[in-house]
Amino acid sequence: MSAPLVDFTLWALEQGATPGQVLTIDVDPDAGLLVSRWGDWMHTVPVALEISRLRQRTDPDMRAILAVHEAGHGLIYALLFQLAPLEIRINMATFSGGYNSFNALKVKTRNNLLDAVCVALAGRAAEEMVFGKESLSSGSETDLKLATQQMAAFIRHAAFGERISHVDVSTEAGENINTDVASTNAEIEAGLQKQYERAQGLLIANKALYLRMVNELVNKGQLEPQQIRDWLGLAQPQAPKDALEPFEVKLREFERRAA
């Protein structure tokens, strides 16, 4: 709706509409149009009514693959971060519509970064567990790209791997960084393999709960955060945190030891 709303608002202003006046918007599903009316004026905008097509699509195979994939991400996130995803939904038409929404952290620790890679790989790991390696789908392509980016940043930029130098491609003369990028590729791949195996192990160890999540998605198309908290025994959410590590407690412990 964002683009049509801007279109309708500008159109109404051009016709002389003023603040406080009502602009109505209706849907003509047969014509595929959004119809706006202001006074005696009418303006239309073509729109792809995707929701209509999604509701018509009841392919059980599509529901199954999306539910298996997204439940994998959601369960591993909840187990590792001890938080319920903000939202888990499946879209009946495309992988781009199936998604998990997670809390954003401003400060990420070494463990948080590895956990994030594990979560990104969990959709593919879930598919392999349920369907087998030969039936893995193409829906993990974006996840694999994200996980690779995360692991590369973990090793090259955050220096959490074997090196302590910042590794990157030099773009300007006089830029003092480690440009030996290619030699870190093997370490990136090894890190990804380790987190993939970790996701597989967690899914197998929590198979009953995982299947419960999958079937809820198949039947209802979404999972509520409170359901996940109840099933895993997670605490009720407090105010959003910028960091999960108890840094203040660890500081006081260090202070006591130093004294």
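Q: In what order do the 3 strands of the open sheet stand?
A: Let's start with the sheet of this predicted model. Its 3 strands pair in an antiparallel way and leave the sheet open. The edge strands, each pairing on one side only, are β5 (99–101) and β6. The order is therefore β5-β4-β6.

Q: Which residue in β6 stands opposite I88?
A: Strands β4 and β6 run antiparallel and are joined by 2 bridges. Across from I88, the residue in β6 is L223.

Q: What angle does the direction of α3 make with that of β5?
A: Helix α3 packs on the sheet, where it touches β4 and β5. Relative to the direction of β5, that of α3 lies at about 20°.

Q: At what angle do helices α3 and α4 pack?
A: Here α3 covers residues 60–81 and α4 covers residues 110–131. Their crossing is right-handed, and the residues of the contact comprise 15 nonpolar, 5 polar and 3 charged. The axes are 8 Å apart, and the packing angle is about 145°.

Q: Why do the buried residues of α8 line one face of the helix?
A: Helix α8 spans residues 225–232, and its buried residues are P225, I228 and R229. Elements covering them include α3, β4 (87–89), α7 (207–220) and β6 (222–223). Looking down the axis of α8, these buried residues line one face because they fall within an arc of 100°.

Q: Which residue just after α8 takes a positive phi?
A: Let's finish at the end of this helix. Just after α8, a phi of about 70° belongs to G233.

Technical notes:
Residues numbered from 1 in each chain as written. Predicted model: local features only at pLDDT ≥ 70, side-chain atom pairs only at ≥ 80, totals over all residues. Heavy atoms only, no water. Axes fitted to C-alpha atoms, helices over the stretch in contact; angles between N-to-C directions. Helix = DSSP H or I, 4+ residues; strand = E, 2+ residues; numbered from the N terminus. Left-handed = near helix turned anticlockwise from the far one by under 90°. Nonpolar A, V, L, I, M, F, W, Y, C, P; charged D, E, K, R; others polar. Buried < 20%, exposed > 50% of the residue type's maximum accessible area, 1.4 Å probe, protein only. Arc of directions from axis to C-beta. Contact = heavy atoms within 4.5 Å. Pairing = 2+ DSSP bridges.
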